[in-house]
Amino acid sequence: MAWWGRLFDARDARVRMALLDLSGLGYLLIVPHSASVPTPTQWTLAVAAFAAALLAYRRPVVNLVAQTALLAVAICLVDDVTINQVGASWALLEVTMLAARARTIWLAAGLLIVVDLTASIGDPLREVASGVVGLGLEVGVPALLGLVIRANRELGRQALERALAETRRRESDSRAARSDERAAIARELHDVVAHHVASMVLRVGVARHVLTDLDPRVGAVFDDVHGTGTAALSELRRLVAVLRQPDGVRGDAALTAIEPSALPSALGAAVDRARQGGITVEADIDAAIGRIDAVRGLAVLRLTQEALTNVARHAGSSARAHLVVAVRDGAVHWEVTDDGGDPVGDHTSTAVPAGGGHGVTGMTERVEVLGGRLEAGPAGTGWRVRTVLPNTLPAESAPRARAAPAGTPTRRPA
């Protein structure tokens with residue numbers, strides 16, 4: 001809103017009164033009068049009007065009564081009543097803008113009309129008629145202007161209420177849409193994905209018991225597939241529970257985070273799983289990672305799993321990958337790079353690795369929620385993904401974990 005629009009705001013009444021007093025002083029000192037200089041009585045009435053305007057700026061009705069009384073005295077004692085007339089008219093404007101009830105406005109206007117008409121008592125009919133016409137300027141203009149400002153203020157308030165109601169409606173619709181979408185995803189996960197994964201796990205379990213003369217390496221593969229499928233089923237059940245009742249599991253750290261002390265072993269398991277897929281992985285994992293908060297710990301684990309999966313998918317089993325997880329000044333520095341290996345996809349893109357998936361998109365969203373920024377792009381002949389997760393929790397609120405024993409190696413050799 002422009003400054004002149006804010007000038008009529010209820011909070012700026014003192015500014016309006018100060019400007020009105022300054023204009024009155026200018027009138028008395030600069031504007032020529034019929035007399036050579038204002039009389040002492042005129043100065044006294046003017047100063048009283050100025051003081052009443054400043055002292056009663058928060059009480060428009062009190063200010064109006066004071067200004068009207070001073071106008072009545074000025075009509076009786078001085079010839080030039082301009083200062084007191086303007087003060088009473090402006091006080092009527094303030095009452096019209098700020099009065100809580102319409103009756104107060106009309107009573108104030110009636111009081112000012114009565115006082116103005118007292119100046120015409122005993123005058124000829126022509127002068128009385130001229131005074132009545134002058135009431136349009138002295139009473140009608142401030143009352144009309146105050147009503148217009150009052151109406152505009154009410155329209156603005158109603159528009160703001162409608163905007164807030166529309167915002168609340170959109171948020172409600174958005175929550176309902178997200179709830180429906182979560183329910184649909186939960187049904188698909190439960191009825192389709194979980195069903196097929198359970199079937200695969202069951203068949204692998206049967207195969208392990210039926211095929212007795214297996215090569216030990218094949219049996220190890222069966223065991224790994226069975227364990228992976230069982231873990232996937234457990235994750236699916238937890239994910240379905242989160243999708244169906246997000247409020248009911250919001251406080252369950254097991255569904256939204258990982259125990260910090262278990263993070264190093266979980267990262268080691270992710271690295272070992274990538275190595276079982278044929279990738280050569282070199283891991284530098286800071287022992288202090290076991291003392292970060294649970295939310296960032298889960299993010300680091302998921303980023304590592306997704307990044308190593310992308311290395312296997314896009315660089316092939318002949319790739320060499322390097323994982324770095326370090327804690328510096330409370331921030332977690334995470335990075336995964338690979339040498340390109342024998343790529344199945346295309347590593348020339350500077351945005352997202354080829355393959356059409358949403359892995360990097362999901363990683364980016366997870367990082368941004370925690371206040372970080374994911375960088376993904378070519379690095380030499382390979383690909384590099386890295387980020388820094390800042391510490392957004394107070395030091396005393398971070399979960400405590402057992403420190404790693406002295407001498408624990410922080411580098412996992414290839």
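The following legends describe close-up views of a predicted model.

**View A. Helix 3 and its buried face.** Helix 3 comprises residues 40–55. For these 16 residues, a rise of 1.5 Å a residue gives an expected span of 22 Å, and the end C-alpha atoms of helix 3 are 22 Å apart, which agrees. Q42, L45, A46, A49, F50, A52 and A53 are the buried residues of this helix. Viewed down the axis of helix 3, these buried residues fall within an arc of 165 degrees, so they line one face of the helix. On the other side of helix 3, the residues P40, T44 and L55 are exposed.

**View B. Cover over the buried residues of helix 3.** The elements that cover the buried residues of helix 3 include helix 2 (13–29), helix 4 (60–77) and helix 5 (82–98).

**View C. A nonpolar surface patch that includes L22.** V15, L19, L22, L25, L29 and I30 make a nonpolar surface patch of about 600 Å². Of these residues, L22 lies in helix 2. L22 has a relative accessible area of 56%; exposed residues are those over 50%, and L22 is therefore classed as exposed.

**View D. Surroundings of R373.** R373 is placed in the loop between helix 12 (359–369) and strand 4 (375–379). The relative accessibility of R373 is 58%, so the residue counts as exposed. Leaving aside neighbours within four places in sequence, R373 is in contact with V367, R386, T387 and V388. For one of these contacts, V388, the C-alpha atom is separated from that of R373 by 7.0 Å, while the two residues are 15 residues apart along the chain.

Technical notes:
Residues are numbered from 1 along each chain as its sequence is written. This is a predicted model: local features need pLDDT of at least 70, side-chain atom pairs count only at pLDDT 80 or more; totals for chains, interfaces and linings use all residues. Side-chain values use heavy atoms; hydrogens and water are left out. Helices (H or I, at least four residues) and strands (E, at least two) are DSSP runs, numbered from the N terminus. The expected span of a helix is 1.5 Å times one less than its number of residues. Buried means under 20% relative accessible area, exposed over 50%, partly exposed in between (1.4 Å probe, protein chains only). The arc is that of the directions from the helix axis to the C-beta atoms. Contact means heavy atoms within 4.5 Å. Patches are made of residues with over 30% relative accessible area and no salt bridge: like charges are joined within 9 Å, nonpolar side chains (Val, Leu, Ile, Met, Phe, Trp, Tyr) within 5 Å. Accessible areas come from the Shrake-Rupley method with a 1.4 Å probe; for residues, only the protein chains shown count as cover. A salt bridge is a side-chain nitrogen of Lys or Arg within 4 Å of a carboxyl oxygen of Asp or Glu.
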